[in-house]
Amino acid sequence: MIKGLSRDEFVKILHTHLSPTSPIQSQEHLFGRHKQVQLIEQALCAPGRSIFIYGDRGVGKTSVAQTIAYSHQSASNNPVLLACTPQTTFEGLMADALAGLKGQEIVKSTVTNSGKLGWKEFGVEGSRTQINEVVPRIEAVAWDLNSIVTSLLEVAEARKNQNTVVVVDEFDRIDNDEERGHFADFIKQVGDQRVPVRFVFCGVAESMQKLLGAHGSCYRYLDGIELKTLGYEARFDIIDNAAKALRVTVDNRPRYRIAAISDGFPHYIHRMCEQLFWQMFNDPLPCDAPTHDHYREAVAQSVLSIEQHLKTTYEQAVMKSASGYEQVLWAVADHADFIRNTESIHASYTSLMDSLEEEDEEFMLDRPTVVARLNALKGKSCGHILAIHKKGWYQFRENIMRGYVRLRAEEQGCELALDYSAATSASPALTRRPRAARRG
């Protein structure tokens, strides 16, 4: 147990400082993004300027966007938060944005069905009520671009031109290139007419060009903010800030391992810390620092609670009749570089296999077989978990997958990413790789 905290107090503090399943909305708890936040705040001062936040999935784009939205939005209104789907159209999303700006709520209607069930012999009657909520979609009028911009200007005037922010999240999910083109034209018009409504877009991509295509004229009206994975200092800040609020201490060993496994993706840090502190709170004995057992159980619970699509892809990749797929995948994740060549991966694989029990060394694959496994991990049968950068160079198709691979290896007793000591003040003693657990 964590002394001095009731369950309600513990839960409140925990979820004030850790948000593994919801975006952060306060700069107080947004670590490692000071520079990006400053750039966005400066850009929002420019009339007609829009913002595009882009980067890997899970890197914290939504948290940055919502934090900025709530800090920049005038106190008299809330920002409008929208999300895209593959079927999202420009007109439909603009209809939702305008409805949100005008304070229109979606009306919910309730339908109740009742019936009786009975048996004459027993004289029993029963009734069943079924409630179906029907949420009608806001009607999207077939507006043209000019009428939409005019409507935004009218809304802004009605709000006395107070700071107003609309967040358009998951923009990359829009499949139709023509629809994306409409947004590009819209961004240009917002800039040309200095519309006092700020639009913040978020999307998974390496660049804005991949999201908006070859609509070059719109880019001078946009400030693109790239989010990369967190550095070690920010990773430690998340851990230490939550621990301090709970009045406990996370020792170097679990602290460095959480930072290394996370690969700089905030979601992993928040999730593992959440599980670690729950293990401490549920311990019948008083504790002010996590034990090894607390840490091991937190790792196991984190594996169970991480996104299902990562788990499915991982298991599709490694659960093969032929041996060695899992260890080869671990080797790919065993370094700070996202893109690695065959030589580097094979060196990691050899080191990893050397840590196994002596009786397991007979399962070590030779170099040609390791290369064959790498190539197979790019294929459909392995869920395309790896992608080839160029001949002889490999990377994870989704960078967030690397942290999950590290977490699965840690669950089985094999510590990856020991090169993190070079980027931190970790003791050299922390770079020893424990003997990996034998896979059944």
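**Close-up views of a predicted model**

**View 1. Pairing of β2 with β7 in the predicted model.** In β7, D169 is the bridge partner of A83. The model shown in this and the following views is a predicted one. Strand β7 spans residues 165–169 and pairs with β2 in the parallel sense, over four bridges.

**View 2. The open five-stranded sheet.** Parallel pairing joins five strands into an open sheet, in the order β2-β7-β8-β1-β9. The edges are formed by β2 (80–83) and β9 (222–227), each of which pairs on one side only. On average, and with direction ignored, neighbouring strands of this sheet are turned by 20 degrees against each other.

**View 3. Helices packed on the sheet.** Two helices, α2 and α4, are considered here. Helix α2, comprising residues 34–44, packs on the sheet and touches β1 (50–55), β8 (198–204) and β9. The direction of α2 makes about 170 degrees with that of the edge strand β9. Helix α4, comprising residues 90–101, also packs on the sheet, where its contacts are with β2, β7 and β8. Between the directions of α4 and β2 the angle is about 160 degrees. Strand β8 is thus touched by α2 and also by α4.

**View 4. The surroundings of L152 in helix α5.** Helix α5 covers residues 145–158 and contains L152. L152 counts as buried because its relative accessibility is 1%, under the 20% cut-off. Residues up to four places away in sequence being left out, L152 touches L98, L101, F186, V195, V197 and F199. P196 is separated from L152 by 44 residues in sequence, while the C-alpha atoms of the two residues are 8.3 Å apart in space.

**View 5. The surroundings of Q275 in helix α10.** Q275 belongs to helix α10, which runs over residues 266–282. With a relative accessible area of 14%, Q275 is buried, since the limit for this class is under 20%. When neighbours within four places in sequence are set aside, the contacts of Q275 are A298, Q301, S302 and S305.

**View 6. The covered helix α13.** Helix α13 extends over residues 325–332 and is mostly covered, with eight of its eight residues buried. These buried residues are Y325, E326, Q327, V328, L329, W330, A331 and V332.

Notes:
Residues are numbered from 1 along each chain as its sequence is written. This is a predicted model: local features need pLDDT of at least 70, side-chain atom pairs count only at pLDDT 80 or more; totals for chains, interfaces and linings use all residues. Side-chain values use heavy atoms; hydrogens and water are left out. Two strands pair if DSSP finds at least two bridges between them. Axes are lines fitted to C-alpha atoms, for helices over the stretch in contact, and angles run from 0 to 180 degrees between N-to-C directions. Contact means heavy atoms within 4.5 Å. Buried means under 20% relative accessible area, exposed over 50%, partly exposed in between (1.4 Å probe, protein chains only).
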